[in-house]
Protein chains: 2
Amino acid sequence: MWHGIIMAGGSGTRFWPLSRELYPKQFLSLDGANSLLQGTIHRIQPMIPQDRLWIMVGPKHESETRRVLRLAETEGLPARVFVEPQSRNTLAPLAVASLLIRKVDPDGVLAVMASDHLIGPQENFLALMKQACDIAEHNDVILTFGIQPVRPETGFGYLELGNQVSPASTDLARVFTVRRFVEKPDRETAIQFLAQKNHLWNSGMFVFRASTFLAELREHQRVFSEQLEEFAGTVGTPKEGKALKKLYDSAPNTSVDYGLLEHSRKVWALSAALDWKDVGSWSALDDFSEKDARGNVIRGNVISFHNDNCILFGDKRVLATIGVRDLIVVDTDDATLVCHKDEAQRVREVVSELKSQNRVEALEHRTTNRPWGQYTILDQGPHYKIKSVTVNPHSRLSYQMHLHRSEHWVVIAGTARITLEDKEIYLHVNQSIDIPKTTRHRIENPGKVPLIIIEVQNGEYLEEDDIIRFSDDYQRVSPEETSDTTRLHGGLA
Amino acid sequence: MWHGIIMAGGSGTRFWPLSRELYPKQFLSLDGANSLLQGTIHRIQPMIPQDRLWIMVGPKHESETRRVLRLAETEGLPARVFVEPQSRNTLAPLAVASLLIRKVDPDGVLAVMASDHLIGPQENFLALMKQACDIAEHNDVILTFGIQPVRPETGFGYLELGNQVSPASTDLARVFTVRRFVEKPDRETAIQFLAQKNHLWNSGMFVFRASTFLAELREHQRVFSEQLEEFAGTVGTPKEGKALKKLYDSAPNTSVDYGLLEHSRKVWALSAALDWKDVGSWSALDDFSEKDARGNVIRGNVISFHNDNCILFGDKRVLATIGVRDLIVVDTDDATLVCHKDEAQRVREVVSELKSQNRVEALEHRTTNRPWGQYTILDQGPHYKIKSVTVNPHSRLSYQMHLHRSEHWVVIAGTARITLEDKEIYLHVNQSIDIPKTTRHRIENPGKVPLIIIEVQNGEYLEEDDIIRFSDDYQRVSPEETSDTTRLHGGLA
């Protein structure tokens with residue numbers, strides 16, 4: 001059978017301030033429609049049913065990934081979220097995915113995709129992916145998707161093609177052996193590659209049988225391969241979580257290209273006629289965005305006078321721009337970026353600087369999504385925090401308690417059912433309630449329209465981890481109760 | 001006696017988003033120290049006692065002007081705030097000021113200053129102003145302060161000098177007759193003026209006897225002069241407010257230069273050796289601000305990488321700027337400006353656009369000062385508004401009631417004394433209270449540290465004018481009770 005593997009790592013630095021460490025690129029909607037992750041799921045869904053889709057994520061992105069999945073999923077068994085215990089580039093998660101799939105489907109084929117690329121047209125993608133899966137089913141090879149370069153790009157890796165593999169080639173796509181992998185070239189080399197026509201962009205899409213991948217791993221990464229097989233014995237046992245953590249601790253922190261494919265003699269490249277975009281930085285938005293008459297890409301709350309070739313993203317407040325050119329201006333609730341297009345790669349430096357100052361603007365947005373809805377921090381200061389909390393219809397937060405803070409709630413829209421210790425109380429617009437610290441409480445929206453509550457927190461410690469959960473519709477547990485086993489089984493459930 | 005007249009009109013468009021219609025330039029601190037208005041008051045205070053200072057303001061700026069005065073004032077009788085019934089350029093307020101001063105001091109001399117200029121050094125200013133007042137006391141002339149040009153400025157008016165008036169001249173400053181007033185010249189003309197050395201910048205500072213001004217007005221503006229004398233008969237009577245309104249309705253909407261001085265043959269110019277700056281737009285900040293090694297003026301919450309010659313004003317959120325040059329970037333709670341320095345004059349166009357869309361960002365800030373403290377709007381939506389309210393120690397809001405909204409308060413700092421109908425309640429941090437609509441209430445800070453309350457408003461109408469005041473420490477009345485008489489007498493009190 002064919003299985004889809006969506007690699008949803010990502011560090012959230014290049015699209016700051018729209019992306020954050022807890023909200024990386026795959027969650028963004030850069031083309032104004034779906035998030036990149038949702039687009040990736042929709043793209044493969046016609047070919048691979050969602051219960052054979054595996055989303056590989058780091059622990060920080062599990063919650064938001066599950067939320068996107070709920071938005072993207074159709075009827076039937078849900079997609080699988082595999083939560084990595086830590087970030088380990090692409091070799092380790094692909095090895096684990098191959099292992100887990102081999103266990104349930106010994107001849108299974110993996111179609112590996114990035115979660116944050118723009119790819120079209122849809123028919124071509126599906127036809128090429130089917131061709132690739134067919135080839136992988138019948139050949140002991142790792143198939144890469146190569147894209148014919150259209151410019152001397154220095155930001156991508158390249159595949160140098162060998163001979164054409166005639167039996168595997170079709171009218172749609174020719175298939176080649178791969179002579180070598182070339183790391184990001186300098187400009188002169190990139191210009192040569194463009195002229196020679198035998199170098200393709202390495203798109204980060206791969207198709208292979210689980211068994212082929214694991215055999216190649218055994219040959220080129222013997223130590224890791226043995227550790228992996230050791231882990232294999234624990235899968236489905238109570239030891240699994242701890243064993244996975246151990247495996248990841250010692251796994252090579254490297255990409256599948258560098259750690260395996262460059263050394264393998266079983267790599268083929270499929271020359272894919274696709275409109276493929278690895279949107280690498282803010283300036284890359286120019287490639288696919290609609291522009292006004294003066295070349296500006298404008299979204300949201302913007303007043304633009306006499307500007308040229310700018311990317312202007314407004315949000316809640318007014319962004320007024322006058323007489324500027326070649327700028328990226330991105331406004332968010334708690335951070336504003338003004339950057340020359342030529343310097344878009346330097347956005348990372350700002351994120352590094354913010355991290356070194358321990359500033360929350362590197363980590364997360366003012367608005368945080370939760371399975372039951374979302375909250376926005378309106379203001380905070382010593383010993384207080386003010387949030388606007390939106391609870392979706394027929395949803396409820398966990399039954400919980402705080403050790404260090406009291407909470408005051410005022411309903412401003414919808415109707416709330418509040419549990420406070422043994423009592424159940426209905427609150428409607430214009431009513432309020434105080435929740436003293438160490439009392440057990442729950443907010444529920446029993447109604448058909450969103451419930452909005454203003455929450456004023458008071459206390460000596462106001463972080464999100466001051467929460468003891470007694471029961472939860474979303475199987476979340478309090479931080480002190482978290483174990484890796486729980487996380488992993490939650491992830492595979 | 002000598003009287004100081006500070007002209008504090010101003011429309012708040014050129015320094016948007018830092019300035020707003022309700023918060024024009026004179027209230028800003030552009031040099032990082034005092035507001036321009038406070039600086040103007042401090043500058044003249046050593047020479048003219050504050051009870052002979054008159055601040056001429058439009059009705060929208062009365063409250064903020066009084067707040068600045070409280071900050072600037074020393075012991076003794078307070079300065080006078082004259083509230084114009086509407087904005088009418090400079091001729092009308094100077095005519096009324098002359099009239100009111102003639103009434104209490106027939107030989108009184110008026111020293112007229114703008115409220116929003118930067119002037120130094122202080123000793124020179126005081127010495128020149130004394131010389132000018134001495135001259136005006138003994139000569140039937142209107143004395144203007146001319147500034148020797150240092151660049152071919154096209155944004156100012158010029159004074160063409162006639163003959164030197166030897167008896168009035170001193171070692172400090174020579175005095176000349178004025179041959180003519182020249183409106184803002186083109187660049188070629190400005191270059192000639194700079195070379196010829198007989199043209200001075202018209203600084204907007206004037207010194208004259210009230211009687212001289214009124215006599216000149218009679219000669220050159222006969223109709224308005226007669227209307228003014230008609231108004232004079234009502235001053236101090238119950239008819240004064242209405243008469244002032246009528247006078248302003250028909251007053252010429254013109255500057256004192258254009259409406260009087262250009263026609264007068266009694267104008268002298270004092271060549272003032274002053275460092276004088278009419279800070280006309282954001283780009284003018286370069287003239288007097290401290291810069292980093294790459295020529296950037298940086299204030300507040302800014303991360304600046306590889307920028308040149310920019311003006312970067314951060315506020316609460318992070319402003320990150322990378323690789324830009326010659327930009328003005330100003331971030332505020334509800335609006336962000338990104339503007340090329342060469343286009344700084346176009347900031348007005350943004351304000352016009354916002355006004356045409358009826359947007360509040362043209363009018364006021366999220367944070368509004370009040371005599372008792374300030375409030376900030378944290379969030380608002382249909383039927384709700386959330387404010388952070390800070391009450392200064394030993395201050396209280398009016399005893400008031402709302403017809404259309406209920407309020408919910410949570411104390412997050414300090415101690416509140418709440419009056420709710422007949423009850424008096426103390427609330428401390430972490431306590432809350434609900435104020436139903438149509439109940440009379442008052443918040444007071446009886447303590448020694450600021451009181452901060454989070455207020456959640458619910459209701460069908462949430463504007464500031466839904467307030468019925470029963471008593472107020474600051475003599476404010478409810479909108480429906482306002483009359484011009486009240487305003488005027490409040491203004492002269």
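This section describes the domains, the chain contact, the strand pairing, the helix packing and selected backbone features of a predicted model.

In chain A, three domains are assigned: domain 1 spans residues 2–277, domain 2 spans 282–352 and domain 3 spans 367–473. The centres of domain 1 and domain 3 of chain A, taken over C-alpha atoms, are separated by 40 Å.

The contact between the chains draws 45 residues from chain A and 45 residues from chain B. On the side of chain A that touches chain B, strand E17 (residues 335–340) of chain A gives the most, with 6 residues. By class, this side of chain A consists of 23 nonpolar, 11 polar and 11 charged residues. Strand pairing also crosses from one chain to the other: E17(A) is paired with strand E15 (residues 318–322) of chain B in the parallel sense, over 5 bridges. Within this pairing, A:Ala335 has B:Val318 of E15(B) as its bridge partner. E15 of chain B is followed by a loop leading to strand E16 (327–331) of chain B, and B:Asp326 lies in that loop. Although B:Asp326 is not a glycine, its phi is positive, at about 60 degrees.

Chain B also contains an open sheet of 6 strands in the order E18-E19-E20-E28-E23-E26, with antiparallel pairing. Strand E18 (367–370) and strand E26 (432–435) of chain B occupy the edges; each has a single partner strand, so one side of each is left without a neighbour in the sheet. Direction ignored, neighbouring strands of this sheet are turned against each other by 20 degrees on average. At the E26(B) edge, strand E23 (residues 405–413) of chain B runs antiparallel to E26(B), and the two are joined by 4 bridges. In this pairing, B:Val410 is matched with B:Ser432 of E26(B) as bridge partner.

Two helix pairs were examined, one in each chain. In chain A, helix H7 (residues 222–232) and helix H8 (residues 240–250) pack at an angle of about 170 degrees, and their axes lie 9 Å apart. Because angles over 145 degrees count as roughly antiparallel, H7(A) and H8(A) are roughly antiparallel to each other. The contact involves A:Gln227, A:Leu228 and A:Phe231 from H7(A), together with A:Ala243, A:Leu244, A:Leu247 and A:Ser250 from H8(A). In terms of class, the contact of H7(A) with H8(A) comprises 5 nonpolar and 2 polar residues and no charged residues.

In chain B, helix H3 (residues 91–104) packs with helix H6 (residues 210–220) at an angle of about 130 degrees, with a distance of 9 Å between the axes. H3(B) is therefore oblique to H6(B), and the crossing of H3(B) and H6(B) is left-handed. H3(B) contributes B:Leu94, B:Ala95, B:Ser98, B:Leu99, B:Ile101 and B:Arg102, which meet B:Ala210, B:Ser211, B:Phe213, B:Leu214 and B:Leu217 in H6(B). The residues in the contact of H3(B) with H6(B) are divided into 8 nonpolar, 2 polar and 1 charged.

Cis peptide bonds occur in both chains. In chain A, the bond from A:Trp16 to A:Pro17 is cis, with omega near 5 degrees. A:Pro17 is located in the loop between strand E1 (2–8) and helix H1 (36–44) of chain A. In chain B, B:Gly120 and B:Pro121 are joined by a cis peptide bond with omega of about -10 degrees. B:Pro121 is placed in the loop between strand E5 (118–120) and helix H4 (122–138) of chain B.

Methods
Residues numbered from 1 in each chain as written. Chains lettered and ligands numbered in written order. Predicted model: local features only at pLDDT ≥ 70, side-chain atom pairs only at ≥ 80, totals over all residues. Axes fitted to C-alpha atoms, helices over the stretch in contact; angles between N-to-C directions. Parallel < 35°, antiparallel > 145°, perpendicular 65-115°, else oblique. Left-handed = near helix turned anticlockwise from the far one by under 90°. Contact = placed C-beta atoms within 7 Å. Nonpolar A, V, L, I, M, F, W, Y, C, P; charged D, E, K, R; others polar. Domains from an automatic or database assignment. Pairing = 2+ DSSP bridges.
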